[in-house]
Every structure is written in C-alpha cells, then in structure tokens.
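Grab your viewer and a coffee, and let's work through a few exercises together. Try each task on your own before reading its solution.

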Amino acid sequence: MSWQEYTVFLLESIGIYNRDLMLHYYRKIKKFMIWHKNKYGIEMKDIPDIADNKLENQKKAISWRRIARAIEKNDFYMRRLSFGQTKNDDKELLELIHKWDNLLNKKTKTDDKVLRKIIQEMCG
C-alpha cells in the first residue's frame with residue numbers, strides 16, 4: 001500500500017466512526033495541498049509518497065507519508081502540517097467532544113499536548 005492509499009484508508013476509517021472528525025482532517029489536508037500548489041506549483045498528483053526524512057521532520061517537504069503520520073498521531077490541529085491552533089479549531093474540538101463523547105473523551109490517545117489539555121479540562 002502506498003502512503004497516499006494509506007492516507008485515504010485512515011480518513012475512510014475515521015469516517016466510519018466519526019464523519020465530523022474525518023471532514024475536519026480532510027479540510028486541513030485540502031488547505032495544506034492548496035497552499036503547496038499556490039506557493040510551489042505542486043499539484044496533488046505530483047505529491048511524492050515520501051520525501052527526505054530530515055526535510056519532512058523540519059516541515060519543509062510535502063509528502064503523503066507526512067500527511068498520513070499527522071492523522072496517525074491524532075494531530076487534531078495538524079501541527080505536523082504546519083498549522084497552528086485557531087479559535088475555530090478549538091470551537092470545533094469542543095463540539096466534537098460533546099457530540100462524540102464515546103470516541104473523543106478523556107481516554108483518547110494523542111501526542112498533542114494542547115489537545116490532551118483541552119480534553120482534560122472538558123472531561124475532568
């Protein structure tokens with residue numbers, strides 16, 4: 001399976017249980033791709049499966065592996081794709097926590113410190 005196929009698989013898998021969260025990730029990934037198209041002229045079909053690992057870690061290269069890893073890590077704010085935390089994201093997260101308490105709650109596993117903090121504040 002390619003990294004692109006794996007990314008789609010991850011999104012579809014999330015969508016089975018939580019369509020709202022899948023759509024959140026989809027919107028972020030779409031913005032990420034549009035930015036790279038506008039800034040560097042990279043079309044979606046030209047995104048490599050993997051890029052230099054060092055450049056990916058420095059957030060200087062686009063790749064399907066980088067996108068998939070962001071989803072794998074449950075990176076709600078998509079910091080791994082160079083996004084920052086926004087008020088709209090915070091609002092959407094709180095709505096998701098309330099709507100999907102059975103899937104996004106204090107037991108949710110994530111490496112994102114801010115997401116863990118917000119979940120702890122909301123869920124006790």
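Below are six exercises, each with a worked solution.

A quick note on ground rules: this is a predicted model, where local features need pLDDT of at least 70 and side-chain atom pairs count only at pLDDT 80 or more, while totals for chains, interfaces and linings use all residues. Residues are numbered from 1 along each chain as its sequence is written, and side-chain values use heavy atoms, with hydrogens and water left out.

**Exercise 1. The first helix**

Task: Check the span of α1 and work out where its buried residues sit around the axis.

Solution. Start with the helix itself: helices here are DSSP runs (H or I, at least four residues), numbered from the N terminus. α1 covers 3–17 and has 15 residues. The expected span is 1.5 Å times one less than the number of residues; that gives 21 Å for α1, and the model comes close, with 22 Å from first C-alpha to last.

Next, pick out the buried residues (under 20% relative accessible area; exposed is over 50%, partly exposed in between, with a 1.4 Å probe and protein chains only). In α1 these are T7, L10 and L11. They sit on the same side of α1 because they cover an arc of only 95° around the axis, taking the directions from the helix axis to the C-beta atoms.

Finally, flip the helix over: the face turned away from the buried side carries the exposed residues E12 and I16. Among what covers the buried residues of α1 are α2 and α4.

**Exercise 2. How α1 meets α2**

Task: Describe the geometry and make-up of the contact of α1 with α2.

Solution. Geometry goes first: the two axes come within 6 Å and cross at roughly 150°. Those axes are lines fitted to C-alpha atoms, for helices over the stretch in contact, and angles run from 0 to 180 degrees between N-to-C directions.

Now list the residues in contact (heavy atoms within 4.5 Å). From α1 come L11, I14, G15 and Y17, and they meet R19, L21, M22, Y25, Y26 and I29 in α2. Sort these and you get eight nonpolar, one polar and one charged. The sorting counts Ala, Val, Leu, Ile, Met, Phe, Trp, Tyr, Cys and Pro as nonpolar, Asp, Glu, Lys and Arg as charged, and the others, Gly among them, as polar.

**Exercise 3. The core**

Task: Find which helices build the largest nonpolar core.

Solution. A nonpolar core is a set of buried Ala, Val, Leu, Ile, Met, Phe, Trp, Tyr and Cys residues joined through side-chain atoms within 4.5 Å. The largest has 26 residues, and those with the most contacts inside it are I29, I67, I71, F76, M78, L81 and L93. Two or more residues each come from α1, α2 (19–40), α4, α5 and α6 (113–123). α2 gives the most, six residues.

Zoom in on L81: outside its neighbours within four places in sequence, L81 touches I29, F32, R66, I67 and A70.

**Exercise 4. The two faces of α5**

Task: Sort the residues of α5 into a buried side and the face turned away from it.

Solution. α5 has 13 residues and reaches 18 Å, close to the expected 18 Å. Its buried residues are D89, E92, L93, L96 and I97; they fall within an arc of 140° seen down the axis, so they line one face of the helix. The face turned away carries the exposed K87, N88, K91, H98 and K99. For K91, the relative accessible area is 53%.

**Exercise 5. Polar names in buried places**

Task: Are D75 and H36 buried or exposed, and what do they touch?

Solution. D75 lies in the loop between α4 (64–72) and α5 (87–99), and is buried at 1%. Skipping neighbours within four places in sequence, D75 contacts Y25, A70, R80 and D112. H36, in helix α2, is buried too, at 5%. With the same skip, H36 contacts G41, I42 and I62.

**Exercise 6. Odd phi values**

Task: Place K59 and M78, then look up phi for each.

Solution. For background, most residues other than glycine have a negative phi. K59, in the loop between α3 (53–57) and α4, has a positive phi of about 60° and is partly exposed at 40%. M78, in the loop between α4 and α5, has phi near 60°, and is buried at 0%.
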